[in-house]
Amino acid sequence: FDDLRLSYTRTEDAGDDFRDIRDEVISAVVEFSADIINTIPVDLNMTMVPLDIDGKDLSSVISFSDIRIAAGSPGNPRKQKVTIKANTANGNLSAMENIQLRIIGEGGNGTSLRSNGYIEIKNALLRLGDVNLDLSDK
């Protein structure tokens, strides 16, 4: 291919446990971690995008870091542990309803895909850390 663009998007519900406490969170670190296996011969960029109940991108108030996943091949899979974090403050976590995983890769100059190439995401975990809560009666 002269130009190649790969794009994968998956949206997940943040979950009832998260919704139970999000309005009380003053600040926190939101962390996504996973083990990635890449057999596609293109470097990939992975990020998380917080979404509100209407699917609106909240990256302007909750910004996750991006991470690069190294290119691999079916004969030489690249295995990598990834951690993507976002710091939240001022109660802005209360608007988050869903979280979207985005993986994008671009290649060219003779990059060819094989039918047995894949990206595998294992042991995916989304968690809150360093949480400050407001537990006062409102």
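Leaving aside neighbours within four places in sequence, valine 30 is in contact with Phe64, Ile84, Lys85, Ala86, Thr88, Leu93, Leu126, Arg127 and Leu128. The model in which these contacts are found is a predicted one, and valine 30 offers a convenient point of entry to it. The residue is found in strand 2, which covers residues 25–38, and because its relative accessibility is 1%, under the 20% limit, valine 30 counts as buried. Within the sheet, valine 30 stands opposite leucine 128, a residue of strand 7, and leucine 128 is also one of the contacts of valine 30. For a sense of distance along the chain, lysine 56 lies 26 residues from valine 30, and the C-alpha atoms of the two are separated by 18 Å.

From this residue the view can widen to the sheet around strand 2. Three strands form an open sheet in the order 5-2-7, and their pairing is antiparallel. Strand 5 and strand 7 (119–133) stand at the edges, where each has a single partner strand, so one side of each is left without a neighbour in the sheet. From one strand to the next, the twist averages 15°. As a general matter, the strands of a sheet pair through backbone hydrogen bonds, in either a parallel or an antiparallel manner.

The two pairings made by strand 2 can be taken in turn. Eleven bridges join strand 2 to strand 5, the two running antiparallel, and eleven bridges likewise join strand 2 to strand 7, again with antiparallel strands. On the side of strand 5, alanine 28 stands opposite threonine 88, while serine 33 stands opposite threonine 83. Threonine 88 also appears among the contacts of valine 30. How enclosed is strand 2 by the rest of the structure? Twelve of the 14 residues of strand 2 are buried, so this strand is largely enclosed by the rest of the structure.

Asparagine 38, which also has its place in strand 2, shows what a polar side chain does in such surroundings. With a relative accessibility of 0%, asparagine 38 counts as buried. Its side chain reaches the backbone nitrogen of isoleucine 40 at 2.8 Å, and the side chain of asparagine 38 also reaches the backbone oxygen of valine 42, at 3.4 Å. Not counting residues up to four places away in sequence, asparagine 38 touches Leu44, Ile69, Ala70, Ala71, Gly72, Ser73, Pro77, Arg78, Tyr118 and Ile119.

A further theme is the pairing of charged side chains. In general, side chains of opposite charge can pair when their charged atoms come close. The count for this model comes to ten salt bridges, and some of these form a connected group, since Asp13, Asp16, Arg19, Arg22 and Glu97 are linked in a network of salt bridges.

Which residues does arginine 19 pair with in this network? The side chains of arginine 19 and aspartate 13 meet in a salt bridge with an N to O distance of 2.9 Å, and aspartate 16 forms a salt bridge with arginine 19 as well, the closest N and O atoms being 2.9 Å apart. Aspartate 16 and arginine 19 are separated by about one helical turn, because they are three residues apart in helix 1 (residues 16–21). The accessibility of these residues varies: arginine 19 is partly exposed, with a relative accessible area of 22%, aspartate 13 counts as partly exposed at 44%, and aspartate 16 counts as exposed at 54%.

The network also holds a pair that reaches across the sequence. The side chains of arginine 22 and glutamate 97 meet in a salt bridge at 2.8 Å, N to O. This pair links distant parts of the chain, with arginine 22 in the loop between helix 1 and strand 2, glutamate 97 in the loop between strand 5 and strand 6, and the two positions 75 residues apart. Are the partners buried or exposed? Arginine 22 counts as buried at 13% relative accessibility, and glutamate 97 is buried too, with a relative accessible area of 13%.

The surroundings of glutamate 97 complete the picture. The loop that holds glutamate 97 runs between strand 5 (78–88) and strand 6 (98–108). Not counting residues up to four places away in sequence, glutamate 97 touches Asp13, Ala14, Arg19, Arg22, Leu51, Asp52 and Ile53, and of these contacts Asp13, Arg19 and Arg22 are also members of the salt-bridge network.

Definitions and conventions:
Residues numbered from 1 in each chain as written. Predicted model: local features only at pLDDT ≥ 70, side-chain atom pairs only at ≥ 80, totals over all residues. Heavy atoms only, no water. Helix = DSSP H or I, 4+ residues; strand = E, 2+ residues; numbered from the N terminus. Contact = heavy atoms within 4.5 Å. Buried < 20%, exposed > 50% of the residue type's maximum accessible area, 1.4 Å probe, protein only. Salt bridge = Lys/Arg side-chain N within 4 Å of Asp/Glu carboxyl O. Pairing = 2+ DSSP bridges. Axes fitted to C-alpha atoms, helices over the stretch in contact; angles between N-to-C directions. Polar contact = N/O pair within 3.5 Å; in protein donor to acceptor, adjacent residues only side chain to side chain.
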